[in-house]
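Okay, thanks everyone for coming. I'd like to walk you through one structure today, so let me put it up on the screen.

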Amino acid sequence: MLQFWQNVKEELDYNLKTQKELASAIGISYNTLQSWITKDRLPDAEQALKIAKELNTTIEYLVTGKNENQKGLKQNLQDIIPKLNHLSNENIELLGILASHLK
């Protein structure tokens, strides 16, 4: 499997999205997405950009697996998540509102 599709699957998991949701969000059928993945075919540049945007990442990351900014953000989130267990429900709700505005 191409590195591109491995990275897409990783980002889908990270973003808690399904392949069906991705296909719908970028305006293609689920069958088309499945065909690209199973035949190891890359999407055209426009579709690759849509995929990257939908997954809140870059084409560079999807193609190479490298993007220093992306890695730093993920590492920061992985460090922060265990600390969230100590927050009150009110603070968690406020973080949710903040996160929705960052998207």
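**Helix α2 and its neighbours**

Let me start with one residue: Asn56 has a relative accessibility of 40%, so it counts as partly exposed. You'll find Asn56 in the loop between α4, residues 45-54, and α5, residues 59-64. What I'd point out about the backbone there is that Asn56 has a positive phi, about 55°, even though it isn't a glycine. For context, most residues other than glycine have a negative phi.

Before I go on, please keep in mind that this is a predicted model.

There's another residue to put beside that one. Leu16 isn't a glycine either, and its phi is positive too, at about 55°. Leu16 sits in the loop that runs between α1, residues 3-14, and α2. Is Leu16 buried or exposed? It's exposed, because its relative accessible area is 77% and the cut-off for exposed is over 50%.

Okay, let's zoom out for a moment. The secondary structure adds up to seven helices and zero strands. If you read along the sequence, the pattern is simply α-α-α-α-α-α-α. The protein has 103 residues, and 28% of them are buried. As for the surface, the protein exposes about 7200 Å², with 54% of that coming from carbon and sulfur atoms. Now, how much of the contact is between residues well separated along the chain? Take the contacts with a separation of 6 or more: 56% of them are between residues 24 or more positions apart.

Now for the helix I really want to talk about, which is α2.

First, α2 with α3. Here α2 covers residues 19-26 and α3 covers residues 30-38, and the two pack at an angle of about 110° with their axes 8 Å apart. So α2 is roughly perpendicular to α3. The crossing of these two is right-handed. Who's touching whom? On the α2 side the contact is made by Gln19, Lys20, Leu22 and Ala23, and on the α3 side by Tyr30, Leu33, Gln34 and Ile37. If you sort the residues of that α2 and α3 contact by type, you get five nonpolar, two polar and one charged.

Next, α2 with α4. The axes of α2 and α4 come within 10 Å and cross at roughly 120°. That makes α2 oblique to α4, because the roughly perpendicular range runs from 65 to 115 degrees. This crossing, α2 with α4, is right-handed as well. From α2 you have Leu22, Ala25 and Ile26, and they meet Gln47, Lys50, Ile51 and Glu54 in α4. The residues of this α2 and α4 contact come out as four nonpolar, one polar and two charged.

If you look back at the names, Leu22 is in the α2 contact with α3, and Leu22 also turns up in the α2 contact with α4.

Let me finish on Ala25, which belongs to helix α2. Which class does Ala25 fall into by accessibility? It counts as partly exposed, because its relative accessibility is 43%. How far is Ala25 from Ile51, in sequence and in space? They're 26 residues apart in sequence, and 8.5 Å apart in space, going C-alpha to C-alpha. And remember, Ala25 and Ile51 are both among the residues where α2 meets α4.

That's what I wanted to show you, so I'll stop there.

How values were computed. Residues numbered from 1 in each chain as written. Predicted model: local features only at pLDDT ≥ 70, side-chain atom pairs only at ≥ 80, totals over all residues. Heavy atoms only, no water. Axes fitted to C-alpha atoms, helices over the stretch in contact; angles between N-to-C directions. Helix = DSSP H or I, 4+ residues; strand = E, 2+ residues; numbered from the N terminus. Parallel < 35°, antiparallel > 145°, perpendicular 65-115°, else oblique. Left-handed = near helix turned anticlockwise from the far one by under 90°. Contact = heavy atoms within 4.5 Å. Nonpolar A, V, L, I, M, F, W, Y, C, P; charged D, E, K, R; others polar. Buried < 20%, exposed > 50% of the residue type's maximum accessible area, 1.4 Å probe, protein only. Areas by Shrake-Rupley, 256 points an atom, 1.4 Å probe, with all protein chains shown as cover.
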